[in-house]
Every structure is written in structure tokens, then in C-alpha cells.
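Let's take a friendly walk through this structure, one region at a time. Have the sequence and the 3D view ready as you read.

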Amino acid sequence: MNKMYALALGLLLFISCGKDKTNAGEDFSKSSSTETSDPSSYDPNRGEGKYSTVDLGVGLDVAMAAEGEKIAGVKCMSCHKLTDERLVGPGWKGVTERRTPQWLMNFAINPDPMIDKDPELQAQLELCLVRMPNQALSDDDARNVLEYMRQNDGVK
């Protein structure tokens, strides 16, 4: 009797995980954006998005970093490590020294347009083979994660 339940459950899971016919053949490696990207208008120091500047304050905001650690634990750490070692995506060590705060904020909030235009991100995509998904971070979430990244890079 238990084998019958296990078989039924397995069959149900198999059927439910099948391909949705509306998405059959869809290429998920590319952006879902239909807008034409113009790499010549891309600013590699700022990225693409609403942030032109980000005020980091004088030193590390420990409360923001703690909140950023919680958010990163849920949304980021399954693909990124705090070291320079690549997991699915690149490691975070030194990222705040390599990238500007506005670039990091713009990328965290909406990675697709930046992946489409940034040659370094496109090269990273070739190494990682997985496009960073949009994690639907709010502005506050992204700022907290940025502060956590700064803490990871030794900002006091």
C-alpha cells in the first residue's frame, strides 16, 4: 500500500514538473526585455538605472549591514560566496573596491539591462553560464546588501 502511495506521489511530481507548453522552446539565457540595447550609451562606472550617485556616509552603518546580511542570506548566498571563489556567480570579495556604489545598486535592482550592455558582465556570463536573475530587491534592500558587501570588504 505504501509503495502505491509513493508511486502515485512520484508520478504526480513528475507530471507537475513538466514543461509548460506556453514556454516551450523559450531561451531563458537571454533577457526578457524587448527593448533594443545600445551599448554605446552604457556608462561602465554607473551602470544603467536610476542611481547616478549613492551616499555611503562616513563609515559603515552596522545596522544596515546586519539587515543586508539577512537579505543576502535569502536572496544572494545560494549563488555567491563572500570570498573571491566563484559558486554559481562570482565571489563578493573586493567587489566594492572594483565597482562603484551606484553600479552595484543599479545592478542589484535590475541586472538585465546591464548584462545586455556591459562587456565585463557578458564575459562573466560566459564563465558562469547562468544569467543573474532579478531578485526583486527594493531600493532599501539593495542599499542594505551594499552595506553588507562593504562590511565584507573591511569597511569600518
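In this predicted model, a good place to start is helix 2, where Ala-65, Gly-68, Ile-71 and Ala-72 are buried. Where do these residues sit around the axis of helix 2? They span an arc of only 120°, so they lie on the same side of the helix. Turn to the other side of helix 2 and you will find Val-62, Ala-63, Lys-70 and Val-74, which are exposed.

Now follow helix 2 along its length. It runs over residues 62-75, 14 residues in total, and its first and last C-alpha atoms are 20 Å apart, close to the 20 Å expected at 1.5 Å a residue. At its N-terminal end you can find a cap, provided by Asp-61: one of the side-chain oxygens of Asp-61 lies 3.1 Å from the backbone nitrogen of Ala-63.

What do the buried residues of helix 2 pack against? Their partner is helix 7, residues 139-152. Two packed helices can be described by the angle between their axes and the distance between those axes. For helix 2 and helix 7, the angle is about 105° and the axes are 7 Å apart. Because angles of 65 to 115 degrees count as roughly perpendicular, helix 2 is roughly perpendicular to helix 7. On the helix 2 side, the contact is made by Met-64, Ala-65, Glu-67, Gly-68, Glu-69, Ile-71 and Ala-72. Helix 7 contributes Asp-141, Arg-143, Asn-144, Val-145, Glu-147, Tyr-148 and Gln-151.

Next, look at the loop between helix 3 (95-98) and helix 4 (101-109), where Thr-100 is found. Is Thr-100 buried, exposed or partly exposed? Its relative accessibility is 23%, so Thr-100 counts as partly exposed, given that buried means under 20% and exposed over 50%. Leaving aside residues up to four places away in sequence, Thr-100 touches Asn-45 and Arg-46. With Asn-45 there is a polar link: a polar atom of the Thr-100 side chain lies 2.3 Å from the backbone oxygen of Asn-45. Thr-100 can also be compared with Val-54, which is 46 residues away along the chain; the C-alpha atoms of Thr-100 and Val-54 are separated by 8.8 Å.

Our last stop is Lys-117, which belongs to helix 5 (residues 111-117). Lys-117 has a relative accessible area of 8%, so it is buried. Which residue does its side chain meet in a polar contact? The partner is Glu-48, and the contact between the side chains of Lys-117 and Glu-48 is 2.7 Å.

Note on methods: Residues are numbered from 1 along each chain as its sequence is written. This is a predicted model: local features need pLDDT of at least 70, side-chain atom pairs count only at pLDDT 80 or more; totals for chains, interfaces and linings use all residues. Side-chain values use heavy atoms; hydrogens and water are left out. Helices (H or I, at least four residues) and strands (E, at least two) are DSSP runs, numbered from the N terminus. Buried means under 20% relative accessible area, exposed over 50%, partly exposed in between (1.4 Å probe, protein chains only). A polar contact is a pair of N or O atoms within 3.5 Å; within protein, one must be able to donate a hydrogen and the other to accept it, and residues adjacent in sequence count only if both atoms are side-chain atoms. The expected span of a helix is 1.5 Å times one less than its number of residues. The arc is that of the directions from the helix axis to the C-beta atoms. Contact means heavy atoms within 4.5 Å. Axes are lines fitted to C-alpha atoms, for helices over the stretch in contact, and angles run from 0 to 180 degrees between N-to-C directions. Angles under 35 degrees count as roughly parallel, over 145 as roughly antiparallel, 65 to 115 as roughly perpendicular and the rest as oblique.
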